[in-house]
Amino acid sequence: MKKSIEVSSNIETLFGTRDENLHVLEDGLNISIDLRSNGVEVEGAPRDVARAEQVFADYDHLQRSGFSFNNGDLNSMLRVVTTDPKVTLRGLAEAGKQRSFGRRTVQPKSSNQRRYLEAIEKHDMVFGVGPAGTGKTYLAVAMAISALLAKRVNRIILARPAVEAGERLGFLPGTLQDKIDPYLRPLYDALYDMLDPEKVDRYLEKNVIEIAPIAFMRGRTLNDSFVIMDEAQNTTSEQMKMFVTRLGFNSKAVITGDITQIDLPNARRSGLVEAIDILKPVEGLAFVYFDESDVVRHHLVQRIIRAYDDHKTRVAEQQMSLTLEGKAAELRAGDTRAADVRPISEGKSAGFSEEKAVTSFRAEE
């Protein structure tokens, strides 16, 4: 099916640099787009052509409404639209406009990120599980700031287990805050990226934003708060149970972690892994899982994560193969031993006796 679509003026932004956005639409919707003097010609299956036409109509509506796209947000939104048939460009843009993220505009860059933001809005406790670079912590902090600026909560509490990544740094100098700050630096980075530094410092000074190790959560009830626990894969079972039971009235909790990067000593079971198993049937919770396609860091990060996953799969297959070969060898050895050891009655029936066997043995000596 071919269809000509008229486009309004100032539509160059939709095309993107070197028509990169059109290539996203072509690859995602399995269509071809040809530029014409007065518009574009779209060719493909009727359903896909209709979705492309909806994208152009939504973009035209947003332009006339005064909406502006920044920092590659349009490209990210088009990727979400092409992978999820239920999503429209207009719906994504207007949903992002309703949230106030301080000085930054935050748009989901994948379908899983969109589901993550929607889950945080709809549920009081959300688990975001996936590899590094998928925006789990950054988006959670963005939603916390949005809730604080909209006065839906009175404070933000950011917690993290103080566990080194494979190193032992020993005793750190300074005050208690100086000792724990290195472990909590990623949370500070997200805050300073979204709010003016002066505002962040003022919120920290007044405890409107509180950053603390998970060990300090014991005994507290967190009301009117947006609580985030980062690096939850490094919590113990006791710490995780303690954290998820801190939630008070009019509060939200977001727990993020990567179960492929557990740094707990002595091979202890991760509290996040255990919580996923135990809390799945609980109503009111949401679990959002990310994969390498959601990585929003350097493109090499996606390839690195995929390589590690492939290696893990190969190692598991090799171990399974060795285990099966070992069991097969044991069975063969058992069959051989069973065949060599015959009952005495079987020997007698073949014309042998114990006495003859002993006589024969002595004769050979």
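**View 1. Helix 11 lies across three strands of a predicted model.** Helix 11 (residues 271–279) crosses strand 4, strand 8 and strand 9. Helix 11 runs at about 125° to strand 9. Helices (H or I, at least four residues) and strands (E, at least two) are DSSP runs, numbered from the N terminus. Angles run from 0 to 180 degrees between N-to-C directions, along lines fitted to C-alpha atoms, for helices over the stretch in contact. Residues are numbered from 1 along each chain; local features need pLDDT of at least 70, side-chain atom pairs 80 or more, while totals for chains, interfaces and linings use all residues. Side-chain values use heavy atoms, without hydrogens and water.

**View 2. Six strands form an open sheet.** The order is 6-5-7-8-4-9, with parallel pairing (at least two DSSP bridges between two strands). Strand 6 (209–213) and strand 9 (285–289) are the edges, each pairing on one side only. Strand 4 (residues 125–129) and strand 8 (residues 252–257) share five bridges. Met-125 has Ala-253 as its bridge partner in strand 8.

**View 3. Tyr-116 and Phe-290 form an edge-to-face pair.** Their ring centres are 5.2 Å apart and their planes at 80°. Rings of Phe, Tyr and Trp (its six-membered ring) pair if their centres lie within 6.5 Å; planes under 30 degrees apart are stacked, over 60 edge-to-face, the rest tilted. Both Tyr-116 and Phe-290 are buried (under 20% relative accessible area, 1.4 Å probe, protein chains only).

**View 4. Phe-127 and Phe-287 are stacked.** The centres lie 4.8 Å apart, with 15° between the planes. Phe-127 sits in strand 4 and Phe-287 in strand 9, 160 residues apart.

How values were computed:
Contact = heavy atoms within 4.5 Å. Buried < 20%, exposed > 50% of the residue type's maximum accessible area, 1.4 Å probe, protein only.
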